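Trainee: Could you take a close look at the interior spaces of this model with me, and at the parts of the chain that surround them? I would like one connected account rather than separate remarks.

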Amino acid sequence: MAKKKRLRLIAEMARKIRAYRELKSRPRESQKYSLDYETMRRPLTGKMLPALAWQDVRRESRLFSLLAGMRMFGVGRMFTRKSWLEEHPEPSYWQVTRVKVDYTAENMDHGRAWGILTYKGKQESEVKEMEKVMYHDWRLIPRDMEQQFRDFQPLPEPPVRYVPYPPLLRAMLLAQRGRAGGRAATEEPALPLKRDVVFNKDYFRRQEQESQRKEGTAV
């Protein structure tokens with residue numbers, strides 16, 4: 001008969017207490033990402049922000065700095081980022097669906113947010129947590145421009161014209177190019193899906209001669 005395992009209630013309770021104390025001693029988001037705007041250092045870690053980010057820190061806003069001053073903490077509104085506006089001609093934005101505010105933070109300008117992402121004009125179907133909310137490059141999309149962002153129609157993706165060769169055939173082609181030498185040996189071989197055929201007079205003449213050769217001449 002197997003020996004029954006003894007329940008160590010005191011040890012289990014001590015483990016839970018240690019885990020709870022470790023969780024409570026963990027720095028909050030407001031402590032982790034707090035910033036001294038004069039020295040551009042984070043008080044918790046003492047690290048200084050990169051010099052390229054100083055201008056955005058002074059001019060732009062974090063996401064929760066915008067949400068804290070809005071009704072219902074901005075649920076339902078659309079937000080974009082300065083980097084997206086500069087890098088992509090297609091609209092990229094988040095539509096906020098849920099907000100969890102850190103009420104212990106000063107001015108309640110820290111927390112977590114969830115929403116639906118539209119990146120380069122393509123909207124995702126699932127709600128997920130918004131990333132990089134502590135970055136100083138968030139901007140609120142005015143209500144009179146929201147419909148303009150929504151009405152954007154992305155261009156259809158171009159058809160696939162080339163596919164990679166099978167591994168064995170690819171290795172044979174690369175080996176053949178290597179023996180021939182030259183710069184083309186480093187290029188990745190690709191198999192075209194469309195073959196361009198020029199239909200000139202010689203092409204139809206050869207087709208007619210080939211069909212006559214197979215069928216034979218009528219007697």
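Mentor: Helices, of type H or I with at least four residues, and strands, of type E with at least two, are DSSP runs numbered from the N terminus. With that naming in hand, and bearing in mind that this is a predicted model, we can begin with the largest pocket, which holds about 440 Å³ of space. Two or more of its lining residues come from each of α1 (9-25), α2 (29-32), β2 and β3, and the largest share, 3 residues, is given by α2. The lining consists of 13 residues, and those that lie nearest the centre of the pocket are R26, P27, R28, E29 and D102. Sorted by class, this lining has 8 charged residues, together with 3 nonpolar and 2 polar ones.

Of the elements just named, α1 deserves a closer look, since α1 is hardly covered, the count of buried residues among its 17 residues being 0. Its geometry can be checked against the usual rise: at 1.5 Å a residue, the 17 residues of α1 should span 24 Å, and because its end C-alpha atoms are indeed 24 Å apart, the two values agree.

E29, listed with the residues nearest the centre of the largest pocket, also belongs to the lining of the largest cavity, where it is joined by Y33, R62, F64, D109, H110, G111, V133 and M134. By the rule applied here there is 1 cavity of 30 Å³ or more, and the volume of the largest cavity is about 70 Å³. Its lining divides into 4 nonpolar, 2 polar and 3 charged residues.

Two of the cavity-lining residues, F64 and V133, lead us into the largest nonpolar core, which has 15 residues and in which L63, F64, F79, W94, M130, V133 and W138 have the most contacts. The elements that give two or more residues to this core are α4 (63-67), β2 (93-101) and β3 (111-119). If we set aside neighbours within four places in sequence, V133 is in contact with R62, L63, F64, G111 and W138, and among these R62, F64 and G111 are cavity-lining residues as well.

Within strand β3 we find L117, which counts as buried because its relative accessible area is 10%, under the 20% cut-off. Beyond four places in sequence, L117 is in contact with W84, Y93, W94, K122, Q123, E124 and K128, and of these W94 is one of the core residues with the most contacts. Further along, K120 is found in the loop between β3 and β4 (122-123), where its phi is near 55°, a positive value in a residue other than glycine. K120 is partly exposed, since its relative accessible area is 36%. A phi near 55°, again positive in a residue other than glycine, is also found at F73, which lies in the loop between α4 and β1 (78-81).

The second largest pocket has a volume of about 250 Å³, and its lining is made up of R42, L49, P50, A53, D56, V57, R81, S83, M134, Y135, H136 and D137. By class, that lining has 6 nonpolar, 2 polar and 4 charged residues. M134 is named here and in the lining of the largest cavity. R42, for its part, is found in the loop between α2 and α3 (54-59), and it counts as buried because its relative accessibility is 17%, under the 20% cut-off. Apart from neighbours within four places in sequence, R42 is in contact with K32, Y33, S34, L35, K47 and L49; of these, L49 also lines the second largest pocket, while Y33 lines the largest cavity.

To place these regions against later parts of the chain, we can use two C-alpha separations. L117 and R179, which are 62 residues apart along the chain, have C-alpha atoms separated by 50 Å. Helix α7 covers residues 167-180, and because its 14 residues should span 20 Å at 1.5 Å a residue and its end C-alpha atoms are 20 Å apart, expectation and model agree. After α7 comes G181, with a positive phi near 80°. Q209, in helix α8 (residues 201-215), is partly exposed, as its relative accessible area is 48%, and its C-alpha atom is separated by 70 Å from that of W114, with the two residues 95 apart along the chain.

Key:
Residues are numbered from 1 along each chain as its sequence is written. This is a predicted model: local features need pLDDT of at least 70, side-chain atom pairs count only at pLDDT 80 or more; totals for chains, interfaces and linings use all residues. Side-chain values use heavy atoms; hydrogens and water are left out. A nonpolar core is a set of buried Ala, Val, Leu, Ile, Met, Phe, Trp, Tyr and Cys residues joined through side-chain atoms within 4.5 Å. Buried means under 20% relative accessible area, exposed over 50%, partly exposed in between (1.4 Å probe, protein chains only). Contact means heavy atoms within 4.5 Å. On a 1 Å grid over the protein atoms alone, a cavity is a set of points where a 1.4 Å probe fits but cannot get out, and a pocket is an open set with protein on both sides within 12 Å along at least five of seven lines; lining residues have an atom within 4 Å of a point. Grid points are joined across faces, edges and corners, and a volume is the space filled by probe spheres set on the points. Ala, Val, Leu, Ile, Met, Phe, Trp, Tyr, Cys and Pro count as nonpolar, Asp, Glu, Lys and Arg as charged, and the others, Gly among them, as polar. The expected span of a helix is 1.5 Å times one less than its number of residues.
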